[in-house]
Each structure stands twice: as C-alpha cells, then as structure tokens.
Amino acid sequence: MRLLAASTYQSLFKPTHPATLGLLRICFGILMVWQFQSIKPYILEIVTNSKFFLTYDYFHWIKPLSPSVMESLFLAGTIAAAMMLVGLLNRFSSLIVFLVWTYMFMLCRGHYTNHYYLFSLVAFWMFMTDCNRWGSIDRLIYNALPVTRGWILGFGEDKNTVPYWQVLVFQVQIMIVYFYGGIAKIGWDWMQGYPMRIWLPMKPWLPKFMQTDAVAIFMSWSGMLFDLGIGWMLMSKRLRWWALPFVLAFHVTNQLTFRTIAGFPHFMAAATLIYFEPNWPENLRIKLKNLLAKAKEKVKPVAEKSPVPQRITGLRRVFLAFLLVYGAWQIFYPFRHFLYPGDPSLTGEGATFAWRMMLTSRDYGAKLKVLVDGQTFYITGESFFHYVNWRQFTRLCRMPKSIHRFAHFIRDEMKTANPAANPEIYGFLIVEYNGRPFRQLMDTTVNLAALPYNEFGHADWVYSDYMEEPAGSKWKQQRTNEGDQVTDGRF
C-alpha cells in the first residue's frame, strides 16, 4: 500500500513541460476578457437595480456594491484577464480574475449557468498552478532578472517544468464536466428526444430537416453518448486523436444551434488541447520559427525530461490532502439530489453545481397571495418585476425554495413599513415541464411568511410527483370533433 502511495506521489509530481498549461492560460485569458465585457451590462444595468436577490444558501451576505465600485471591479477584472492572457504577474492577475468573477457569479442565482461556475473553478486553478512558465511575460522577466524566480514563476528548483498534477487537475476537471453532464442525461425524457423536440422547431435559423423529431432523438442520444465517453477518450493516448473531430463537431453544432451558451463551447474546445503531449505547443513554435526564418540548421524539438525522484515534504502532503478533498467534492456533491425526492430539474433541489445542462424545457406561472389587516392582494405578473428581472424570475420559478425567501422579503418589507403588520403569504407556482400540461408545484395552503427557511434539506411543501404523464403529452393526442381523427397541432 505504501509502495502504491509512493508511486502515485512520484507520478503526480513528475516534471512536465508547461507548454499546454501556458496555452490554456492564453485561451482562458482571451475568454475572460470577453466574458467580463459581455456580462457587464447585465450586472450593472439590470441586476443591481433589482430589489430582491436570489442569493445562494450560506452566502446571503454577498451583496452588490455601489455603482462606482462595481464599475471599478469590472475594469480590474478585465485588466487582470488581459494580464493573464500575456502572462504578466500571473499569480496576482489570476487571483483578481478569480475573486472578481466569483463575486459577480455569486451575487445572484438568477444568472447561474454551469459554465460560469466552471470559469470560476478554472480561474482558481490558474492561480494555484505555474501556468506562466511558458508563453508569458513573466518568463521574460525571470530570464532577465533571475532574482524574481520565487515570486514570479512560483517556487521549485526547475523553472522549465511544472509538476504533472498541474496539468492533470485541468484534465480531470474538464472530464468531470463532460461525464456528469452525460450522467444527468440518462433519463426517459432525454432518450425520447425531449426537450430537443420542443427546442429545435423554435429555432427559425435551423434548416427544416433539423426541426424534425428524428433529428431531435439523434441529437439527444449522440449528445448523451458523447458526454459519457469523450472524457475517457481524451485521457487515453491511443484514442485522443480520434476524439478530436468529435469534440470540434459537437461544440460547433452546439454553438450554431443554441446561441445563448456563448463562451462554453469555445472554452471546452480550447481546453481539449491540454490532453495532448505537454510539449507540443513548444515543438510547434520551434518548427514555425525554423520555417519562417528558413534556418539552415534544424533546432531540435523540446523533449520531456526524465523523471527525477521527488521528496515527500510536509507542504506537499498538505496540498495532496487538499487535492483529495477537492476531488471528493467534485465527485460526490453533484449527486446530492438523491437526498431529495423528485426530479431536481423540477424541484430545484440539488440542481446547481452539478453539471446538469440543457435537460428541460419549462414554462411557468407564479404569484403570491398576501393577507394583511383583513385585506387580500396578489403579487403576480408585472408586480414581480418591481422586485426582480426576467432572468431572476425564471430562476425563482425553477427553485421554489427561492419563492420562500422572496415571501420572507415581502414580509420584512411590510413589517418595516408597519411593525404591527402580521402578513400571511401563500405561494402559487405552475410549471409546464418538457411538454407536459401545467401542474401545481406548491402546497398553496402553507403560510410561507410564518414558515422558517431552511438552508439545507427538502421543502416538503414542494410537490415532487409530477412525472405521471409522458413528456410531450400536452399536444400528442389532440382529437377533433370528427371522431377518432388525430391532429398533431401544438398549442
């Protein structure tokens, strides 16, 4: 057992060429410059003007700052992303990118997406790794001023390599995104072609043949099988070249079909490059240099160094323990929805931070009934948008527990205006799920204002037995007045 642990340790800390890690840093820097600018109008002009924020459990203390400070944060994040791109003071710049992006991401659950979460994780590991040891200004500074070796390129004796774990952590993280996305697709609705059967006909830019049920079923099955298998193929030296055309075809198709997931296909396609030989970008750079310079004497491509036995230090033991904890969290936390009854895509319980992507088509109707001082009034329709924006409203309906917090917010506002008020607030939420008829999702007899909010655990006032009817049953068997004639109209 000790021999196995020692061999694993030596493998994790084996000196590895930093070129693919540096190339990933460059691609991620380009992406984050774009992402900061693309999300900026929504955060500054829409989110910060909301009265109610769908904050994450245990993180309700994260609040928007003043407009001038928020503007400064976006400027700092964009500049830091550009510094990361060129590899200038990478430890500092990647830390700023991580902190600013994570703050913007955690500010409100209304704009939660899995790729925003992924970008936060990647920024964290950019800070933790020596990804500036190739293709960076930091490298040029070190070459000119070797005294900067510790604080600019990271600690360690060899500045021309990185420990293998620094490459492996990105490979495994990307593999988890794919594989867990595939596991989430293993379900009856997905294998019957839903929600693709609903989405594809709604996209007028697609050719007619792509709007058929047959294509919807093909895309559903191929997407599921791709997610389940592509990570393993990329990790295999024999299969990764075969995987490359599938990766490119998959992400190009996603980008052309779904125009609202900008950033994710680009990053996942670029991240594929880290699965290949660690020194291939440097070898390519040398070959291009020779080709452009028309050099007579060929320069040998950079070769990997032979492994050197690594000492097991106390600091490395602590870091290995951290890697194990992080790995366990990534492996087990996405399965927490099994602790709750019902479909997490419907109840919202355990649906976030779990790589559950593009699984359902939903439509909503929601309102709150408020009883106070013998009067009854409703928060519905336009009334909701006095407090939240459209993206927050849809997320509110996806996670009924957020409606519970919203009810407490309304209660507290009323008590602030009139401390003697004791309002009763009842929720009403109907959902159309993958083409099923609308169904009530909440117990309308529960006074949410008096019910304590629990950060953890199932909300028993949320119904979870909605799946009796098959997907698409809303329009599958409409009968006309002419007897048994069946029409296929959708309404």
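**View 1. A nonpolar patch on the surface of the predicted model.** Five residues come together here: Tyr 58, Phe 59, Trp 61, Leu 339 and Phe 456 make a nonpolar surface patch of about 650 Å². Take a moment with Phe 59, which sits in the loop between α2 (19–46) and α3 (67–86). The relative accessible area of Phe 59 is 34%, so this residue counts as partly exposed. Patch members need over 30% relative accessible area, and Phe 59 has 34%.

**View 2. Helix α15 and its two sides.** Here we follow α15, a helix of 19 residues that runs from 314 to 332. From the first C-alpha to the last, α15 reaches 27 Å, close to the 27 Å expected at 1.5 Å a residue. The buried residues of α15 are Phe 319, Leu 320, Leu 323, Tyr 326 and Gln 330. Looking down the axis of α15, you will find its buried residues within an arc of 125°, so they line one face of the helix. On the other side of α15, the exposed residues are Arg 317, Val 318, Leu 324, Val 325 and Phe 332.

**View 3. An open sheet of four strands.** Read across the sheet and the order is β4-β3-β5-β6, with antiparallel pairing. At the edges lie β4 (375–380) and β6, each of which pairs on one side only.

**View 4. Strand β5 and its pairing with β3.** Strand β5 covers residues 424–433 and is mostly covered itself, with seven of its ten residues buried. Strand β3 (residues 362–372) pairs with β5 in the antiparallel sense, and ten bridges link the two. To get your bearings, look for Leu 371, which stands opposite Glu 424 of β5.

**View 5. The hairpin of β5 and β6.** How many bridges join β5 to β6? There are two, and the strands run antiparallel, with β6 made of residues 439–440. A handy landmark is Val 431, whose bridge partner in β6 is Arg 439. Five residues lie between the strands of this hairpin. If you like checking backbone torsions, stop at Asn 434, which takes a positive phi near 50°. Stepping back to the whole sheet, β6 is one of the edge strands, while β5 stands between β3 and β6 in the strand order.

How values were computed: Residues are numbered from 1 along each chain as its sequence is written. This is a predicted model: local features need pLDDT of at least 70, side-chain atom pairs count only at pLDDT 80 or more; totals for chains, interfaces and linings use all residues. Side-chain values use heavy atoms; hydrogens and water are left out. The expected span of a helix is 1.5 Å times one less than its number of residues. Buried means under 20% relative accessible area, exposed over 50%, partly exposed in between (1.4 Å probe, protein chains only). The arc is that of the directions from the helix axis to the C-beta atoms. Two strands pair if DSSP finds at least two bridges between them. Patches are made of residues with over 30% relative accessible area and no salt bridge: like charges are joined within 9 Å, nonpolar side chains (Val, Leu, Ile, Met, Phe, Trp, Tyr) within 5 Å. Accessible areas come from the Shrake-Rupley method with a 1.4 Å probe; for residues, only the protein chains shown count as cover. A salt bridge is a side-chain nitrogen of Lys or Arg within 4 Å of a carboxyl oxygen of Asp or Glu.
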